[in-house]
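Welcome, and please load the structure in your viewer. We will take a short tour, one selection at a time.

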Amino acid sequence: MKKPIHQIDYLDKTKHDKKLLDLFQLIFDHVLDKLDKREDYVLSLTLVNSEEQRELNDKYRQINRPTDVLTFPYEQDYDESPIDLGSIIICPEIAKKQAKEFNHPFERELAFLFIHGLLHIFGYDHIKEKDAEVMYDLQNTLLNTLPYDFYTDLTKMKKMLKEAQSMSIAPYSKFRVGAVVLTKDLKYHLGFNIENASYPATVCAERVALFSTYAQGYKKDDIISLGCITDSKNVGTCCGVCRQVMSELMPSHAPVYIFSSGFKDMLKTTVCELLPFAFTSEDLTK
């Protein structure tokens with residue numbers, strides 16, 4: 001089957017990093033896939049400054065102030081291909097202010113605004129409370145399942161993993177493992193394997209890092225990602241017990257970075273990919 005065309009006609013009047021187009025394309029493909037849109041689509045996406053956004057907002061909505069995102073769905077015969085979805089116009093200047101206000105990365109705010117605009121394109125709205133609930137729930141789901149990590153600094157994570165691994169207590173196996181949990185306040189929480197002469201009492205690095213994070217008062221939704229490194233020349237993935245614990249204590253789509261010895265190789269995956277059919281609290285119901 002031919003892969004559908006998802007084309008973005010992109011115009012950046014604000015001269016931001018050209019890599020943003022790659023992010024927008026990733027989001028566009030992700031949203032269309034999750035909404036089960038299988039046709040060929042084309043979309044106009046423009047980045048403008050706050051003054052131009054104010055003029056557009058005044059002209060088309062009679063609101064004389066700049067706004068973060070404007071959406072102009074294109075009404076056409078959907079028998080045509082590719083289907084022209086219309087235009088989305090984003091103001092990065094306002095996005096930066098909002099990112100600072102909500103204390104999250106600029107790129108995450110852009111992703112949020114683009115997803116918001118795309119949902120309007122496909123007929124979702126938030127004027128009525130019931131409609132708003134549906135739209136916002138879907139919006140959050142799309143953002144949280146986006147295969148993109150807005151927070152993790154891999155250079156810093158490697159540094160912290162090296163430190164964690166150096167503290168490994170592995171007198172029997174001599175196999176050192178380090179783990180790091182990153183939380184939304186951009187703090188890195190270290191863990192390492194702790195072995196015991198009674199071998200079943202041994203605790204893996206991933207669980208030590210997660211338990212330490214929770215012991216400091218953090219919860220599931222505070223966790224961004226987890227990193228792990230071993231002494232193996234291969235990328236050794238987490239054991240089954242750790243995967244089960246991760247599936248309950250971390251968001252299901254949280255990224256997981258697993259490194260071989262010396263950081264020569266890396267596997268990037270997610271919690272739900274590591275354990276696709278996890279045993280959950282729902283399975284305890286009678």
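This is a predicted model. Let us begin with the lining of the largest pocket, whose residues fall into 12 nonpolar, five polar and six charged.

**Stop 1: the largest pocket.** The space here comes to about 650 Å³. Select Leu143, Asn144, His253, Ala254 and Pro255: out of 23 lining residues, these are the closest to the centre of the pocket. Now colour α5, β7 (223–229), β9 (266–270) and α9 (271–274), the elements that each give two or more residues to this lining. Which of them gives the most? That is β9, with three residues.

**Stop 2: the second largest pocket.** Move on to a space of about 550 Å³. To find the middle of the second largest pocket, select Asp68, Val69, His116, His120 and His126, which lie nearest its centre among 24 lining residues. Two or more lining residues come from each of α2 (50–61), β3 (69–73), α3 (92–102), α4 and α5. Highlight α4 here, since the largest share of this lining, six residues, belongs to that helix. Sorted by class, the lining of the second largest pocket holds 10 nonpolar, nine polar and five charged residues.

**Stop 3: two helices side by side.** Keep α4 (residues 106–121) in view and add α5 (residues 129–144). How far apart are the axes of these two helices? They are 10 Å apart, and the helices pack at an angle of about 135 degrees. That angle is why α4 counts as oblique to α5. Turn the view to follow the crossing of α4 past α5, which is right-handed.

Next, show side chains where the helices touch. On the α4 side, pick Arg108, Ala111, Phe112, Ile115, His116, Leu119 and His120; they meet Met135, Tyr136, Leu138, Gln139, Leu142 and Leu143 of α5. This contact is made of nine nonpolar residues, three polar and one charged. Some names may look familiar: His116 and His120 were among the residues nearest the centre of the second largest pocket, while Leu143 was one of those closest to the centre of the largest pocket.

**Stop 4: two loop residues.** Select Asp36, in the loop between α1 (20–34) and β2 (41–47). Asp36 is not a glycine, yet its phi is positive, near 60 degrees. For the last selection, go to the loop between β5 (178–183) and β6 (188–192), where Leu186 sits. Leu186, also a residue other than glycine, has a positive phi of about 65 degrees.

Note on methods
Residues numbered from 1 in each chain as written. Predicted model: local features only at pLDDT ≥ 70, side-chain atom pairs only at ≥ 80, totals over all residues. Heavy atoms only, no water. Axes fitted to C-alpha atoms, helices over the stretch in contact; angles between N-to-C directions. Helix = DSSP H or I, 4+ residues; strand = E, 2+ residues; numbered from the N terminus. Parallel < 35°, antiparallel > 145°, perpendicular 65-115°, else oblique. Left-handed = near helix turned anticlockwise from the far one by under 90°. Contact = heavy atoms within 4.5 Å. Nonpolar A, V, L, I, M, F, W, Y, C, P; charged D, E, K, R; others polar. 1 Å grid on protein atoms, 1.4 Å probe; cavity = no way out; pocket = protein on both sides within 12 Å on 5 of 7 lines; lining within 4 Å. Points joined across faces, edges and corners; volume = space filled by probe spheres on them.
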